[in-house]
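Thanks for sharing this one. Here are my notes, set out point by point, to read alongside the model.

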Amino acid sequence: MAIIKQQDLIESVADALQYISYYHPLDFIQALEKAYNKEESQAAKDAIAQILINSRMSAHGKRPICQDTGIVTCFVKVGMAVQWDSTDMTVQEMIDEGTRRAYLNPDNPLRASIVADPAGKRINTKDNTPSVVHIDMVAGDQIEVMIAAKGGGSENKAKMAMLNPSDSIADWVVKTLPTMGAGWCPPGMLGIGIGGTAEKAGVLAKESLMEPVNIQELIDRGPENAEEALRLEIFERVNKLGIGAQGLGGLTTVVDIKINSVPTHAASKPVVMIPNCAATRHVHFHLDGSGPADLTPPKLEDWPEITWEVGENVRRVNVDELSKADISSWKTGETVLLSGTILTGRDAAHKRIQEMLAAGESLPVDFTDKFIYYVGPVDAIGDEAVGPAGPTTATRMDKFTEMMLSKTGLLGTIGKAERGPATVESIKNHKSVYLMAVGGAAYLVSKAIKKAKVVAFEDMGMEAIYEFVVEDMPVTVAVDSLGESAHVTGPAIWQAKIEELDSKLSTSSN
């Protein structure tokens with residue numbers, strides 16, 4: 001019988017959340033390096049390079065990989081023979097206290113993203129609690145903890161279906177994935193839960209994402225059961241879709257497929273698919289009563305030495321001097337380095353702007369001929385102008401884009417992932433542009449931000465409107481003023497190229 005100290009679990013959770021905020025799992029980095037080396041799409045290769053460089057920088061600087069430091073998800077397996085040193089806290093309360101300590105750590109503060117009253121006022125809890133905790137009672141006298149920080153961009157793309165027993169799961173995945181867009185920041189992993197009931201399938205899918213990347217081992221030895229065969233089928237078919245890194249088109253969309261299954265009703269086939277983004281963050285530890293978990297840092301030399309340099313056709317621009325005439329010559333796929341002053345704004349800020357305009361009130365900031373960057377940064381430490389500040393999913397702001405372009409004088413927008421057809425048409429009609437920063441490269445992006453200050457809606461915390469002064473901030477033209485979208489053309493081109501390559505290989509083998 002082991003006696004586990006409450007403080008050991010609290011301290012271990014706090015240390016684990018700090019650890020995963022800046023250390024990718026090494027198996028994931030190795031899989032990304034393989035994807036980088038074989039990638040033939042230049043846009044996708046550049047995106048993977050930035051993700052890998054950002055990962056190394058975060059590991060070295062001990063700052064978050066992504067500005068979205070996630071909602072804490074924790075699987076706790078408690079041995080039946082375990083006893084606690086005190087009964088004044090529940091397991092949920094212990095996990096929450098560890099989460100609170102991690103997110104309020106002054107040496108590496110993490111972004112508080114959790115809001116209470118989700119159907120109402122949506123007030124930030126300020127410390128990222130409560131966490132989502134799943135508790136299982138198992139045999140033994142130890143505690144096993146699997147903990148992750150799950151970003152909203154990938155979590156929002158979770159899909160669920162109650163398939164007929166005879167339906168193909170692989171067909172459903174291949175049909176569904178393109179509808180999810182690029183807001184989940186590929187390349188990443190897909191966790192798939194099969195069986196049980198609707199809610200059980202969701203938990204199975206999430207827990208599967210805690211497993212290591214090992215698809216190559218499965219490819220090498222071959223499948224031994226139907227579940228492993230399904231992993232391989234989905235892996236191959238998804239990568240043939242040509243979605244690629246950041247949805248720009250390329251050879252690698254996923255680096256692994258994970259599946260968990262349990263028995264289900266004879267009339268049912270519940271299936272849940274949850275993607276993990278390029279900021280995959282999780283760690284496992286055990287407690288046996290001997291003290292808190294000892295998390296061994298990975299070696300920095302295990303990270304690949306990859307450099308990224310902008311091409312010769314890069315545009316360097318001063319955003320303080322731009323007009324619609326200037327951006328009309330920008331073409332989809334071009335790299336642009338932005339210098340000057342940009343404003344920020346996310347969902348809550350856009351909603352308040354909408355309410356103020358409807359009420360005939362003056363806005364607190366002037367958006368005329370400005371770019372707005374969809375971001376909620378991490379708080380700065382030391383001499384930083386701002387903490388990690390990568391883009392959030394632009395699609396969520398689609399409902400506000402026509403308003404912003406038509407009523408505020410906004411010149412253009414910056415975010416991650418695709419824009420919907422109506423928004424692309426609005427961008428075209430207003431001769432605007434949409435620029436894409438790489439999701440999963442938040443620390444790298446933040447180095448281009450030289451000054452930052454809150455200029456409106458300070459009460460919204462990380463959703464306040466900031467003014468950033470940037471220098472050579474790298475972005476890609478994702479929608480130009482003529483309405484051409486890189487997230488439409490890129491995957492279409494690469495899906496066709498992959499089909500052509502497969503056809504040639506098939507012909508040569510015959």
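1. The largest pocket has a volume of about 1,200 Å³. A pocket here is an open set of points on a 1 Å grid over the protein atoms alone, where a 1.4 Å probe fits, with protein on both sides within 12 Å along at least five of seven lines; lining residues have an atom within 4 Å of a point. The volume is the space filled by probe spheres set on the points, which are joined across faces, edges and corners. There are 47 lining residues, and Ser 113, Val 115, Arg 122, Arg 346 and Glu 463 are the closest to the centre.

2. A word on the basis: this is a predicted model, with local features needing pLDDT of at least 70 and side-chain atom pairs pLDDT 80 or more, while totals for chains, interfaces and linings use all residues. Residues are numbered from 1 along each chain as its sequence is written, and side-chain values use heavy atoms, with hydrogens and water left out.

3. Which helix gives the most to the pocket lining? H11 does, with 5 residues. At least two residues each come from strand S5 (123–124), helix H5 (152–155), helix H11 (347–358) and helix H12 (398–407). Helices (H or I, at least four residues) and strands (E, at least two) are DSSP runs, numbered from the N terminus.

4. Domain 1 (3–289) and domain 2 (315–490) each put at least three residues into this lining; the bounds come from an automatic or database domain assignment. By type, the lining holds 18 charged (Asp, Glu, Lys and Arg), 15 nonpolar (Ala, Val, Leu, Ile, Met, Phe, Trp, Tyr, Cys and Pro) and 14 polar residues (the others, Gly among them).

5. Now the interior. The largest nonpolar core (buried Ala, Val, Leu, Ile, Met, Phe, Trp, Tyr and Cys residues joined through side-chain atoms within 4.5 Å) has 60 residues, and Val 76, Ile 147 and Phe 285 have the most contacts inside it. Helix H1 (residues 6–22) gives the most to this core, 9 residues. A second, separate core has 28 residues, including Ile 449 and Phe 468.

6. H12 deserves a look too. Its buried residues (under 20% relative accessible area, 1.4 Å probe, protein chains only) include Phe 400, Met 403 and Leu 405. The buried residues of H12 pack against H11, strand S15 (371–373) and helix H13 (421–429), with contact meaning heavy atoms within 4.5 Å. After H12 comes Gly 409, with a positive phi near 80°.

Technical notes
Buried means under 20% relative accessible area, exposed over 50%, partly exposed in between (1.4 Å probe, protein chains only).
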